[in-house]
Amino acid sequence: MQKNKHDEITSRRTFAIISHPDAGKTTITEKLLYFGGAIRDAGTVKGKKSGKFATSDWMEIEKQRGISVTSSVLQFDYAGKRVNILDTPGHEDFSEDTYRTLMAVDAAVMMVDSAKGIEPQTIKLFKVCKMRGIPIFTFINKMDRQGKEPLELMEELEEVLEIQSYAMNWPIGMGKEFLGIYDRFNKRIELARPNADEDRFLPIDGEGELAVEHSMQETSYYKQALEDVMLLNEAGNDFDEDRIAKGELTPVFFGSALTNFGVQTFLETFLQFAPEPQPRLTKDAEYVDPESDVFSGFIFKIQANMNPAHRDRIAFVRIVSGEFERGMTVTVPRLSKNFKLTQTTQFLADDRETVNQAVAGDIIGLYDTGNYQIGDTVISGKANFQFEALPQFTPELFVRVNAKNVMKSKQFHKGILQLVQEGAIQYYKTLHTEEVILGAVGQLQFEVFEHRMRAEYHVEVQMETMGSKVARWIENEEDVKESMAGQRALLVKDRYERKVFLFENNFAMRWFQDKFPDIKLYNQL
(Lines give C-alpha, C1' and ligand atoms only; values in the text may rest on other atoms or scores of the structure.)
Protein backbone atom coordinates (compact mmCIF):
# COMPACT_ATOMS: atom_id res chain seq x y z
CA MET A 1 0.00 0.00 0.00
CA GLN A 2 1.18 3.50 -0.75
CA LYS A 3 0.30 4.86 2.70
CA ASN A 4 1.45 3.12 5.85
CA LYS A 5 -1.05 0.97 7.75
CA HIS A 6 -1.84 3.66 10.32
CA ASP A 7 -2.64 6.27 7.65
CA GLU A 8 -4.71 3.77 5.66
CA ILE A 9 -6.85 2.86 8.67
CA THR A 10 -7.34 6.41 9.91
CA SER A 11 -8.46 7.51 6.43
CA ARG A 12 -11.48 5.15 6.53
CA ARG A 13 -14.98 6.48 7.17
CA THR A 14 -17.61 3.75 7.35
CA PHE A 15 -21.21 4.77 7.92
CA ALA A 16 -24.83 3.81 7.29
CA ILE A 17 -27.65 6.01 6.07
CA ILE A 18 -30.86 5.47 8.05
CA SER A 19 -34.36 6.89 7.66
CA HIS A 20 -38.04 6.23 7.25
CA PRO A 21 -38.97 5.11 3.70
CA ASP A 22 -39.03 7.89 1.10
CA ALA A 23 -37.04 10.41 3.12
CA GLY A 24 -34.46 10.54 0.31
CA LYS A 25 -31.89 8.07 1.61
CA THR A 26 -31.06 6.40 -1.69
CA THR A 27 -31.07 9.78 -3.47
CA ILE A 28 -28.43 11.26 -1.16
CA THR A 29 -26.35 8.09 -1.58
CA GLU A 30 -26.36 8.71 -5.33
CA LYS A 31 -25.20 12.30 -4.85
CA LEU A 32 -22.39 11.26 -2.51
CA LEU A 33 -21.21 8.73 -5.10
CA TYR A 34 -21.39 11.45 -7.73
CA PHE A 35 -19.12 13.75 -5.70
CA GLY A 36 -16.79 10.83 -5.05
CA GLY A 37 -16.44 10.34 -8.80
CA ALA A 38 -17.87 6.83 -8.54
CA ILE A 39 -20.69 7.59 -10.99
CA ARG A 40 -20.99 10.15 -13.77
CA ASP A 41 -24.72 10.72 -13.54
CA ALA A 42 -26.68 10.52 -10.31
CA GLY A 43 -29.82 8.53 -11.06
CA THR A 44 -32.64 8.68 -8.54
CA VAL A 45 -35.44 6.33 -7.60
CA LYS A 46 -37.83 8.81 -9.22
CA GLY A 47 -36.44 8.16 -12.70
CA LYS A 48 -38.51 5.09 -13.58
CA LYS A 49 -39.96 6.49 -16.85
CA SER A 50 -36.51 7.17 -18.22
CA GLY A 51 -35.33 3.72 -17.18
CA LYS A 52 -32.72 5.36 -14.93
CA PHE A 53 -32.65 3.69 -11.56
CA ALA A 54 -30.63 4.35 -8.46
CA THR A 55 -27.15 2.88 -8.68
CA SER A 56 -27.43 1.45 -5.18
CA ASP A 57 -30.73 -0.36 -5.89
CA TRP A 58 -29.49 -3.42 -7.80
CA MET A 59 -32.25 -5.94 -7.21
CA GLU A 60 -35.06 -6.11 -9.79
CA ILE A 61 -37.85 -5.70 -7.23
CA GLU A 62 -36.13 -2.58 -5.86
CA LYS A 63 -36.13 -1.03 -9.32
CA GLN A 64 -39.81 -1.85 -9.83
CA ARG A 65 -40.97 -0.46 -6.49
CA GLY A 66 -38.47 2.33 -6.00
CA ILE A 67 -37.56 1.14 -2.51
CA SER A 68 -34.44 -0.38 -1.00
CA VAL A 69 -34.97 -3.86 0.45
CA THR A 70 -31.33 -4.87 0.91
CA SER A 71 -28.32 -3.08 2.30
CA SER A 72 -26.01 -1.98 -0.50
CA VAL A 73 -22.31 -1.47 0.15
CA LEU A 74 -20.71 1.38 -1.79
CA GLN A 75 -17.17 2.68 -1.73
CA PHE A 76 -15.39 5.76 -3.07
CA ASP A 77 -12.50 8.12 -2.29
CA TYR A 78 -12.98 11.80 -1.45
CA ALA A 79 -10.62 14.43 -0.05
CA GLY A 80 -8.05 11.88 1.08
CA LYS A 81 -10.64 9.66 2.79
CA ARG A 82 -11.80 6.17 1.77
CA VAL A 83 -15.57 6.23 2.25
CA ASN A 84 -17.65 3.07 2.80
CA ILE A 85 -21.39 3.76 2.68
CA LEU A 86 -23.95 1.18 3.72
CA ASP A 87 -27.29 2.21 2.20
CA THR A 88 -29.84 0.42 4.38
CA PRO A 89 -33.47 -0.54 3.72
CA GLY A 90 -35.93 2.01 5.09
CA HIS A 91 -38.99 -0.24 5.01
CA GLU A 92 -39.83 -1.57 8.47
CA ASP A 93 -40.24 -5.14 7.19
CA PHE A 94 -36.50 -5.11 6.54
CA SER A 95 -35.37 -3.53 9.79
CA GLU A 96 -33.62 -6.76 10.82
CA ASP A 97 -31.15 -6.33 7.94
CA THR A 98 -30.66 -2.70 8.95
CA TYR A 99 -30.04 -3.53 12.63
CA ARG A 100 -27.28 -5.95 11.68
CA THR A 101 -25.79 -3.45 9.24
CA LEU A 102 -25.59 -0.88 12.06
CA MET A 103 -23.26 -3.27 13.90
CA ALA A 104 -20.78 -2.85 11.02
CA VAL A 105 -20.51 0.96 10.95
CA ASP A 106 -18.73 3.66 12.95
CA ALA A 107 -21.28 6.45 12.33
CA ALA A 108 -24.80 6.97 10.99
CA VAL A 109 -26.38 9.64 8.81
CA MET A 110 -30.03 10.14 9.68
CA MET A 111 -32.23 11.48 6.87
CA VAL A 112 -35.32 13.45 7.92
CA ASP A 113 -38.07 14.60 5.55
CA SER A 114 -38.62 18.30 6.33
CA ALA A 115 -42.37 18.00 5.71
CA LYS A 116 -42.90 14.89 7.84
CA GLY A 117 -40.34 15.34 10.60
CA ILE A 118 -39.33 12.38 12.78
CA GLU A 119 -41.17 9.24 11.61
CA PRO A 120 -41.65 5.85 13.33
CA GLN A 121 -38.94 3.89 11.49
CA THR A 122 -36.46 6.71 12.10
CA ILE A 123 -37.17 6.48 15.83
CA LYS A 124 -36.54 2.70 15.87
CA LEU A 125 -33.26 2.95 13.99
CA PHE A 126 -32.12 5.95 16.00
CA LYS A 127 -32.62 3.96 19.22
CA VAL A 128 -30.33 1.21 17.90
CA CYS A 129 -27.64 3.80 17.13
CA LYS A 130 -28.03 5.43 20.53
CA MET A 131 -27.88 2.09 22.32
CA ARG A 132 -24.54 1.38 20.61
CA GLY A 133 -23.22 4.94 21.11
CA ILE A 134 -22.89 5.48 17.35
CA PRO A 135 -22.29 9.14 16.38
CA ILE A 136 -25.29 10.44 14.44
CA PHE A 137 -25.25 13.19 11.81
CA THR A 138 -28.63 14.53 10.70
CA PHE A 139 -29.53 15.71 7.18
CA ILE A 140 -32.93 17.44 7.01
CA ASN A 141 -33.96 16.87 3.42
CA LYS A 142 -36.39 18.32 0.84
CA MET A 143 -35.95 21.98 1.74
CA ASP A 144 -36.90 22.71 -1.89
CA ARG A 145 -40.48 21.80 -0.85
CA GLN A 146 -42.78 23.31 1.75
CA GLY A 147 -42.23 21.69 5.12
CA LYS A 148 -42.20 22.27 8.86
CA GLU A 149 -40.46 25.32 10.28
CA PRO A 150 -36.74 24.66 10.95
CA LEU A 151 -36.99 25.51 14.67
CA GLU A 152 -39.93 23.09 14.98
CA LEU A 153 -37.82 20.35 13.36
CA MET A 154 -34.93 21.01 15.74
CA GLU A 155 -37.32 20.90 18.69
CA GLU A 156 -38.74 17.61 17.42
CA LEU A 157 -35.24 16.10 17.21
CA GLU A 158 -34.56 16.97 20.83
CA GLU A 159 -37.98 16.03 22.23
CA VAL A 160 -38.83 12.88 20.25
CA LEU A 161 -35.33 11.42 19.97
CA GLU A 162 -34.00 12.92 23.18
CA ILE A 163 -30.71 13.94 21.62
CA GLN A 164 -29.26 17.43 21.68
CA SER A 165 -28.59 19.06 18.32
CA TYR A 166 -26.37 21.70 16.78
CA ALA A 167 -27.41 23.36 13.50
CA MET A 168 -24.35 23.41 11.24
CA ASN A 169 -26.31 25.50 8.76
CA TRP A 170 -29.72 27.18 8.59
CA PRO A 171 -32.21 27.44 5.71
CA ILE A 172 -33.09 30.79 4.15
CA GLY A 173 -36.70 30.25 3.09
CA MET A 174 -38.12 26.94 1.84
CA GLY A 175 -40.03 25.47 -1.10
CA LYS A 176 -40.17 27.82 -4.07
CA GLU A 177 -38.74 30.55 -1.83
CA PHE A 178 -35.75 28.45 -0.78
CA LEU A 179 -32.89 30.91 -1.34
CA GLY A 180 -30.03 28.97 0.23
CA ILE A 181 -28.45 28.13 3.55
CA TYR A 182 -26.65 30.18 6.16
CA ASP A 183 -23.57 28.04 6.81
CA ARG A 184 -22.75 28.62 10.48
CA PHE A 185 -19.79 26.28 10.49
CA ASN A 186 -18.01 27.59 7.37
CA LYS A 187 -19.18 31.19 7.95
CA ARG A 188 -20.71 31.73 4.52
CA ILE A 189 -24.02 31.70 2.70
CA GLU A 190 -24.55 29.06 0.00
CA LEU A 191 -26.98 30.14 -2.71
CA ALA A 192 -29.61 27.64 -3.85
CA ARG A 193 -29.91 29.06 -7.37
CA PRO A 194 -26.91 31.27 -8.14
CA ASN A 195 -26.92 33.26 -11.38
CA ALA A 196 -24.34 32.27 -13.99
CA ASP A 197 -22.17 35.27 -13.14
CA GLU A 198 -22.17 34.96 -9.32
CA ASP A 199 -20.36 32.76 -6.82
CA ARG A 200 -22.28 29.98 -5.10
CA PHE A 201 -20.71 30.96 -1.76
CA LEU A 202 -21.01 34.46 -0.31
CA PRO A 203 -18.88 35.59 2.67
CA ILE A 204 -20.29 36.60 6.06
CA ASP A 205 -18.79 39.55 7.99
CA GLY A 206 -17.82 39.76 11.65
CA GLU A 207 -21.39 40.76 12.58
CA GLY A 208 -22.76 37.56 11.03
CA GLU A 209 -24.34 39.30 8.03
CA LEU A 210 -23.61 39.16 4.32
CA ALA A 211 -20.32 40.91 3.58
CA VAL A 212 -21.38 41.69 -0.01
CA GLU A 213 -24.45 43.24 -1.58
CA HIS A 214 -27.11 40.75 -2.68
CA SER A 215 -30.80 40.97 -3.56
CA MET A 216 -31.72 38.40 -0.87
CA GLN A 217 -30.91 41.00 1.80
CA GLU A 218 -34.21 42.70 1.02
CA THR A 219 -36.28 39.55 1.62
CA SER A 220 -38.08 38.58 4.80
CA TYR A 221 -36.55 35.07 4.50
CA TYR A 222 -33.01 36.41 4.90
CA LYS A 223 -34.04 38.58 7.86
CA GLN A 224 -35.83 35.65 9.51
CA ALA A 225 -32.78 33.41 9.04
CA LEU A 226 -30.55 36.06 10.69
CA GLU A 227 -32.93 36.22 13.67
CA ASP A 228 -33.02 32.43 13.97
CA VAL A 229 -29.23 32.15 13.78
CA MET A 230 -28.86 34.84 16.44
CA LEU A 231 -31.24 32.86 18.67
CA LEU A 232 -29.25 29.66 18.06
CA ASN A 233 -25.99 31.49 18.90
CA GLU A 234 -27.39 32.81 22.15
CA ALA A 235 -29.61 29.98 23.38
CA GLY A 236 -28.67 26.89 21.34
CA ASN A 237 -26.26 24.08 22.20
CA ASP A 238 -22.52 24.62 21.80
CA PHE A 239 -20.62 22.71 19.14
CA ASP A 240 -18.76 19.93 20.95
CA GLU A 241 -16.70 17.42 18.97
CA ASP A 242 -16.31 15.10 21.96
CA ARG A 243 -20.08 14.87 22.51
CA ILE A 244 -20.63 14.24 18.79
CA ALA A 245 -18.18 11.31 18.97
CA LYS A 246 -20.11 9.85 21.93
CA GLY A 247 -23.46 10.14 20.11
CA GLU A 248 -24.74 12.73 22.61
CA LEU A 249 -24.98 15.64 20.14
CA THR A 250 -26.08 15.46 16.50
CA PRO A 251 -24.83 18.02 13.97
CA VAL A 252 -27.78 19.05 11.76
CA PHE A 253 -27.55 19.99 8.09
CA PHE A 254 -30.39 21.36 5.93
CA GLY A 255 -30.47 20.76 2.18
CA SER A 256 -32.07 19.00 -0.77
CA ALA A 257 -30.67 15.70 -2.00
CA LEU A 258 -32.84 15.73 -5.13
CA THR A 259 -31.58 19.11 -6.35
CA ASN A 260 -28.10 18.31 -5.00
CA PHE A 261 -28.10 21.36 -2.75
CA GLY A 262 -26.00 21.31 0.43
CA VAL A 263 -24.85 17.72 -0.15
CA GLN A 264 -21.21 18.48 -0.92
CA THR A 265 -20.93 20.86 2.05
CA PHE A 266 -22.45 18.14 4.21
CA LEU A 267 -20.04 15.49 2.88
CA GLU A 268 -16.94 17.61 3.50
CA THR A 269 -17.99 18.54 7.04
CA PHE A 270 -19.14 15.02 7.85
CA LEU A 271 -15.80 13.50 6.80
CA GLN A 272 -14.04 16.02 9.04
CA PHE A 273 -15.89 14.89 12.18
CA ALA A 274 -17.00 11.30 11.49
CA PRO A 275 -14.92 8.79 13.47
CA GLU A 276 -12.20 6.62 11.98
CA PRO A 277 -12.55 2.81 12.52
CA GLN A 278 -13.37 2.02 16.13
CA PRO A 279 -12.43 -0.96 18.35
CA ARG A 280 -14.97 -3.79 18.57
CA LEU A 281 -15.99 -5.98 21.49
CA THR A 282 -15.45 -9.72 21.59
CA LYS A 283 -17.70 -12.22 23.38
CA ASP A 284 -15.17 -12.11 26.22
CA ALA A 285 -15.79 -8.35 26.59
CA GLU A 286 -12.34 -7.42 25.30
CA TYR A 287 -11.76 -4.74 22.68
CA VAL A 288 -9.95 -5.48 19.41
CA ASP A 289 -7.91 -2.48 18.26
CA PRO A 290 -8.13 -1.59 14.53
CA GLU A 291 -4.34 -1.29 14.32
CA SER A 292 -3.70 -4.75 15.73
CA ASP A 293 -1.42 -6.92 13.57
CA VAL A 294 -4.05 -9.67 13.61
CA PHE A 295 -6.50 -9.54 10.71
CA SER A 296 -10.05 -9.96 12.00
CA GLY A 297 -13.59 -9.18 10.93
CA PHE A 298 -17.18 -10.40 11.15
CA ILE A 299 -19.86 -11.33 8.64
CA PHE A 300 -22.88 -9.07 9.02
CA LYS A 301 -24.74 -9.91 5.82
CA ILE A 302 -25.02 -12.70 3.24
CA GLN A 303 -26.54 -11.96 -0.16
CA ALA A 304 -27.47 -14.65 -2.69
CA ASN A 305 -27.60 -14.07 -6.44
CA MET A 306 -26.08 -10.62 -6.73
CA ASN A 307 -25.32 -11.96 -10.20
CA PRO A 308 -28.31 -14.27 -10.96
CA ALA A 309 -26.50 -15.74 -13.98
CA HIS A 310 -23.82 -17.21 -11.71
CA ARG A 311 -25.91 -18.18 -8.65
CA ASP A 312 -23.27 -16.58 -6.45
CA ARG A 313 -23.42 -15.88 -2.73
CA ILE A 314 -21.46 -13.09 -1.12
CA ALA A 315 -20.66 -12.87 2.58
CA PHE A 316 -20.08 -9.23 3.57
CA VAL A 317 -17.25 -8.78 6.09
CA ARG A 318 -16.57 -5.70 8.17
CA ILE A 319 -12.80 -5.69 8.74
CA VAL A 320 -12.20 -4.85 12.40
CA SER A 321 -8.41 -5.03 12.63
CA GLY A 322 -5.25 -5.53 10.65
CA GLU A 323 -4.76 -5.83 6.91
CA PHE A 324 -6.45 -8.11 4.42
CA GLU A 325 -4.43 -9.53 1.54
CA ARG A 326 -5.99 -11.67 -1.15
CA GLY A 327 -4.89 -15.29 -0.85
CA MET A 328 -4.45 -15.13 2.94
CA THR A 329 -5.72 -17.96 5.15
CA VAL A 330 -8.25 -17.24 7.89
CA THR A 331 -10.00 -19.29 10.54
CA VAL A 332 -13.72 -19.29 11.33
CA PRO A 333 -13.76 -20.15 15.08
CA ARG A 334 -17.36 -21.45 14.95
CA LEU A 335 -16.24 -24.16 12.52
CA SER A 336 -12.60 -24.47 13.66
CA LYS A 337 -11.86 -24.50 9.93
CA ASN A 338 -9.38 -22.63 7.75
CA PHE A 339 -10.31 -20.88 4.49
CA LYS A 340 -8.05 -19.39 1.84
CA LEU A 341 -9.50 -16.05 0.72
CA THR A 342 -8.76 -16.00 -3.00
CA GLN A 343 -12.13 -14.82 -4.35
CA THR A 344 -12.85 -11.47 -2.75
CA THR A 345 -14.57 -8.34 -3.97
CA GLN A 346 -15.51 -4.74 -3.23
CA PHE A 347 -18.65 -3.04 -4.41
CA LEU A 348 -20.43 -0.26 -6.16
CA ALA A 349 -23.90 -1.83 -5.78
CA ASP A 350 -23.83 -4.68 -8.36
CA ASP A 351 -20.55 -3.46 -9.90
CA ARG A 352 -17.71 -5.42 -8.39
CA GLU A 353 -13.99 -5.56 -8.63
CA THR A 354 -11.51 -7.98 -7.11
CA VAL A 355 -9.90 -6.56 -3.99
CA ASN A 356 -6.29 -7.43 -3.28
CA GLN A 357 -5.79 -5.41 -0.10
CA ALA A 358 -8.04 -3.79 2.48
CA VAL A 359 -7.73 -2.56 6.06
CA ALA A 360 -9.80 -2.07 9.21
CA GLY A 361 -12.96 -0.12 8.42
CA ASP A 362 -13.36 -1.55 4.92
CA ILE A 363 -16.18 -3.84 3.82
CA ILE A 364 -15.19 -6.73 1.57
CA GLY A 365 -17.20 -9.56 0.04
CA LEU A 366 -16.17 -13.21 0.25
CA TYR A 367 -17.54 -15.64 -2.31
CA ASP A 368 -19.38 -18.25 -0.27
CA THR A 369 -20.26 -21.83 -1.14
CA GLY A 370 -22.40 -22.24 1.97
CA ASN A 371 -19.75 -22.25 4.72
CA TYR A 372 -20.39 -18.88 6.34
CA GLN A 373 -23.20 -17.70 8.59
CA ILE A 374 -24.24 -14.22 9.64
CA GLY A 375 -22.31 -13.33 12.78
CA ASP A 376 -19.26 -15.48 11.96
CA THR A 377 -15.84 -14.13 12.98
CA VAL A 378 -12.97 -14.48 10.49
CA ILE A 379 -9.48 -14.23 11.94
CA SER A 380 -5.87 -14.75 10.89
CA GLY A 381 -2.95 -16.49 12.55
CA LYS A 382 -3.24 -18.35 15.83
CA ALA A 383 -5.52 -15.80 17.51
CA ASN A 384 -8.77 -17.28 18.80
CA PHE A 385 -11.67 -15.00 19.69
CA GLN A 386 -15.16 -14.24 18.45
CA PHE A 387 -16.89 -10.89 18.17
CA GLU A 388 -20.10 -10.24 20.12
CA ALA A 389 -23.22 -11.77 18.62
CA LEU A 390 -25.29 -9.87 16.05
CA PRO A 391 -28.99 -9.32 16.79
CA GLN A 392 -31.35 -12.16 15.81
CA PHE A 393 -35.05 -11.48 15.53
CA THR A 394 -37.84 -13.92 16.29
CA PRO A 395 -40.28 -14.00 13.34
CA GLU A 396 -43.90 -13.12 13.95
CA LEU A 397 -45.56 -14.03 10.63
CA PHE A 398 -45.52 -17.52 9.13
CA VAL A 399 -46.47 -19.18 5.83
CA ARG A 400 -46.48 -22.74 4.53
CA VAL A 401 -44.73 -22.83 1.18
CA ASN A 402 -44.25 -25.35 -1.63
CA ALA A 403 -43.44 -25.45 -5.34
CA LYS A 404 -46.43 -25.23 -7.70
CA ASN A 405 -44.68 -27.64 -10.04
CA VAL A 406 -43.50 -30.78 -8.23
CA MET A 407 -40.86 -31.30 -10.96
CA LYS A 408 -39.16 -28.13 -9.71
CA SER A 409 -38.68 -29.39 -6.16
CA LYS A 410 -34.89 -29.55 -6.48
CA GLN A 411 -34.65 -25.86 -7.54
CA PHE A 412 -37.28 -25.03 -4.89
CA HIS A 413 -35.22 -26.46 -2.00
CA LYS A 414 -31.96 -25.03 -3.33
CA GLY A 415 -33.51 -21.55 -3.70
CA ILE A 416 -35.05 -21.58 -0.23
CA LEU A 417 -31.86 -22.72 1.48
CA GLN A 418 -29.80 -20.05 -0.29
CA LEU A 419 -32.23 -17.20 0.42
CA VAL A 420 -32.63 -18.28 4.06
CA GLN A 421 -28.86 -17.84 4.52
CA GLU A 422 -29.36 -14.08 4.07
CA GLY A 423 -31.17 -13.91 7.42
CA ALA A 424 -34.30 -12.05 6.28
CA ILE A 425 -36.57 -15.10 6.37
CA GLN A 426 -36.29 -18.08 8.69
CA TYR A 427 -36.77 -21.71 7.71
CA TYR A 428 -38.70 -24.41 9.58
CA LYS A 429 -40.04 -27.83 8.67
CA THR A 430 -42.65 -30.10 10.25
CA LEU A 431 -41.25 -33.15 12.04
CA HIS A 432 -42.40 -36.04 9.85
CA THR A 433 -43.97 -34.64 6.69
CA GLU A 434 -41.14 -32.07 6.38
CA GLU A 435 -43.49 -29.39 5.07
CA VAL A 436 -41.58 -26.12 4.65
CA ILE A 437 -42.66 -23.20 6.84
CA LEU A 438 -41.14 -19.75 6.53
CA GLY A 439 -41.13 -17.05 9.21
CA ALA A 440 -40.46 -13.32 8.86
CA VAL A 441 -40.84 -10.08 10.78
CA GLY A 442 -42.87 -8.43 7.99
CA GLN A 443 -45.20 -9.36 5.12
CA LEU A 444 -43.04 -7.69 2.48
CA GLN A 445 -40.33 -10.27 3.18
CA PHE A 446 -42.60 -12.99 1.77
CA GLU A 447 -43.40 -10.93 -1.34
CA VAL A 448 -39.69 -10.41 -2.00
CA PHE A 449 -39.06 -14.13 -1.42
CA GLU A 450 -41.80 -15.09 -3.91
CA HIS A 451 -40.47 -12.63 -6.49
CA ARG A 452 -36.88 -13.81 -6.14
CA MET A 453 -37.81 -17.51 -6.34
CA ARG A 454 -39.53 -16.76 -9.65
CA ALA A 455 -36.89 -14.39 -11.04
CA GLU A 456 -33.70 -16.07 -9.80
CA TYR A 457 -34.62 -19.76 -9.53
CA HIS A 458 -37.49 -19.96 -12.06
CA VAL A 459 -39.76 -21.56 -9.46
CA GLU A 460 -43.39 -20.54 -8.90
CA VAL A 461 -44.31 -21.01 -5.24
CA GLN A 462 -47.60 -21.42 -3.40
CA MET A 463 -47.84 -19.78 0.00
CA GLU A 464 -50.52 -20.54 2.58
CA THR A 465 -50.77 -17.91 5.30
CA MET A 466 -50.55 -19.25 8.84
CA GLY A 467 -50.86 -15.80 10.40
CA SER A 468 -48.92 -14.61 13.39
CA LYS A 469 -47.39 -17.12 15.81
CA VAL A 470 -45.26 -16.95 18.93
CA ALA A 471 -42.03 -18.87 18.27
CA ARG A 472 -40.12 -20.31 21.22
CA TRP A 473 -37.04 -22.51 21.32
CA ILE A 474 -36.49 -25.21 23.97
CA GLU A 475 -33.55 -25.45 26.38
CA ASN A 476 -34.19 -29.08 27.35
CA GLU A 477 -35.21 -30.57 23.99
CA GLU A 478 -34.67 -34.11 25.22
CA ASP A 479 -37.69 -33.72 27.56
CA VAL A 480 -40.08 -32.69 24.78
CA LYS A 481 -42.58 -35.32 23.61
CA GLU A 482 -44.49 -35.04 20.36
CA SER A 483 -47.73 -35.56 22.31
CA MET A 484 -47.18 -32.09 23.85
CA ALA A 485 -47.84 -30.52 20.43
CA GLY A 486 -51.28 -29.77 19.09
CA GLN A 487 -53.29 -27.37 16.95
CA ARG A 488 -52.36 -24.43 19.16
CA ALA A 489 -48.73 -25.50 19.66
CA LEU A 490 -47.12 -26.71 16.45
CA LEU A 491 -43.78 -28.49 16.95
CA VAL A 492 -41.25 -27.91 14.14
CA LYS A 493 -37.49 -27.86 13.54
CA ASP A 494 -35.47 -24.84 12.43
CA ARG A 495 -32.66 -24.99 9.87
CA TYR A 496 -30.17 -25.97 12.59
CA GLU A 497 -32.39 -28.98 13.50
CA ARG A 498 -33.39 -27.36 16.80
CA LYS A 499 -36.95 -28.00 17.97
CA VAL A 500 -39.25 -24.97 18.06
CA PHE A 501 -42.84 -24.53 19.24
CA LEU A 502 -45.03 -22.19 17.16
CA PHE A 503 -47.81 -21.13 19.53
CA GLU A 504 -51.08 -19.71 18.26
CA ASN A 505 -50.77 -16.71 20.62
CA ASN A 506 -49.39 -15.69 24.01
CA PHE A 507 -52.38 -17.23 25.79
CA ALA A 508 -51.61 -20.63 24.18
CA MET A 509 -47.98 -20.30 25.23
CA ARG A 510 -48.91 -19.53 28.86
CA TRP A 511 -51.34 -22.47 28.89
CA PHE A 512 -48.54 -24.75 27.65
CA GLN A 513 -46.12 -23.46 30.31
CA ASP A 514 -48.71 -24.05 33.06
CA LYS A 515 -49.33 -27.60 31.81
CA PHE A 516 -45.66 -28.48 31.20
CA PRO A 517 -43.67 -26.38 33.71
CA ASP A 518 -40.52 -28.51 33.26
CA ILE A 519 -40.16 -27.52 29.58
CA LYS A 520 -37.92 -24.44 29.46
CA LEU A 521 -38.81 -22.16 26.57
CA TYR A 522 -36.76 -19.22 25.35
CA ASN A 523 -36.95 -16.46 22.79
CA GLN A 524 -33.92 -16.30 20.48
CA LEU A 525 -33.68 -12.50 20.87
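Searching the whole of this predicted model turns up four cavities of 30 Å³ or more. The second largest cavity comes out at about 60 Å³. Its lining is made up of Met103, Arg132, Arg280, Leu281, Phe298, Phe387, Glu388 and Leu390. Sorted by class, that lining holds five nonpolar and three charged residues, with no polar ones.

Stepping back to the chain as a whole, there are twelve helices and 31 strands. Of its 525 residues, 55% count as buried. Contacts often reach a long way along the sequence: among those between residues at least 6 apart, 68% join residues at least 24 apart.

Phe15, which sits in strand S1 (residues 12-18), gives a taste of this. With a relative accessible area of just 1%, Phe15 is buried. Beyond its neighbours within four places in sequence, Phe15 touches Leu32, Val83, Asn84, Ile85, Leu86, Val105, Ala107, Ala108, Val109 and Phe270. The C-alpha atom of Phe15 also lies 8.3 Å from that of Leu102, although 87 residues separate the two along the chain.

One of those contacts, Leu32, is among the buried residues of helix H2. Helix H2 spans residues 25-35 and is mostly covered, ten of its eleven residues being buried. The buried set includes charged-class names such as Lys25, Glu30 and Lys31, alongside Ile28, Leu33 and Phe35. Just past the end of H2, Gly37 adopts a positive phi of about 75°.

Further along the chain comes an open sheet of eight strands, paired antiparallel in the order S27-S24-S26-S25-S29-S30-S28-S31. Strand S27 (461-468) and strand S31 (521-522) are at the edges with a single partner strand each, so one side of each has no neighbour in the sheet. At the S31 edge, two bridges tie it to strand S28 (residues 470-474) in the antiparallel sense, with Ile474 partnered by Leu521 of S31. Helix H12 (residues 506-515) packs on the sheet here, touching S28, strand S30 (499-503) and S31, and its direction makes about 125° with that of S30.

Strand S25 is worth a closer look. Five of the five residues of S25 are buried, so the strand is largely enclosed by the rest of the structure. In a regular strand, side chains alternate between the two faces of the sheet. In S25, Gln426, Tyr428 and Thr430 point one way, while Tyr427 and Lys429 point the other. On one side, S25 pairs antiparallel with S26 over four bridges, and Gln426 stands opposite Gly439 of S26. These two strands form a hairpin with five residues between them, and Glu434 in the turn has a positive phi of about 55°. S25 is also joined to strand S29 (residues 489-494), running antiparallel, by three bridges; here Lys429 has Lys493 as its bridge partner.

A second helix lies across part of this sheet. Helix H10 (residues 409-420) crosses strand S24 (397-403), strand S25 (426-430), strand S26 (436-440) and S27, running at about 25° to S26. Helix H11 (residues 443-457) carries His451, which counts as buried at 14% relative accessibility. The C-alpha atoms of His451 and Val461, ten residues apart along the chain, are 9.3 Å from each other.

Note on methods
Residues numbered from 1 in each chain as written. Predicted model: local features only at pLDDT ≥ 70, side-chain atom pairs only at ≥ 80, totals over all residues. Heavy atoms only, no water. 1 Å grid on protein atoms, 1.4 Å probe; cavity = no way out; pocket = protein on both sides within 12 Å on 5 of 7 lines; lining within 4 Å. Points joined across faces, edges and corners; volume = space filled by probe spheres on them. Buried < 20%, exposed > 50% of the residue type's maximum accessible area, 1.4 Å probe, protein only. Pairing = 2+ DSSP bridges. Contact = heavy atoms within 4.5 Å. Axes fitted to C-alpha atoms, helices over the stretch in contact; angles between N-to-C directions.
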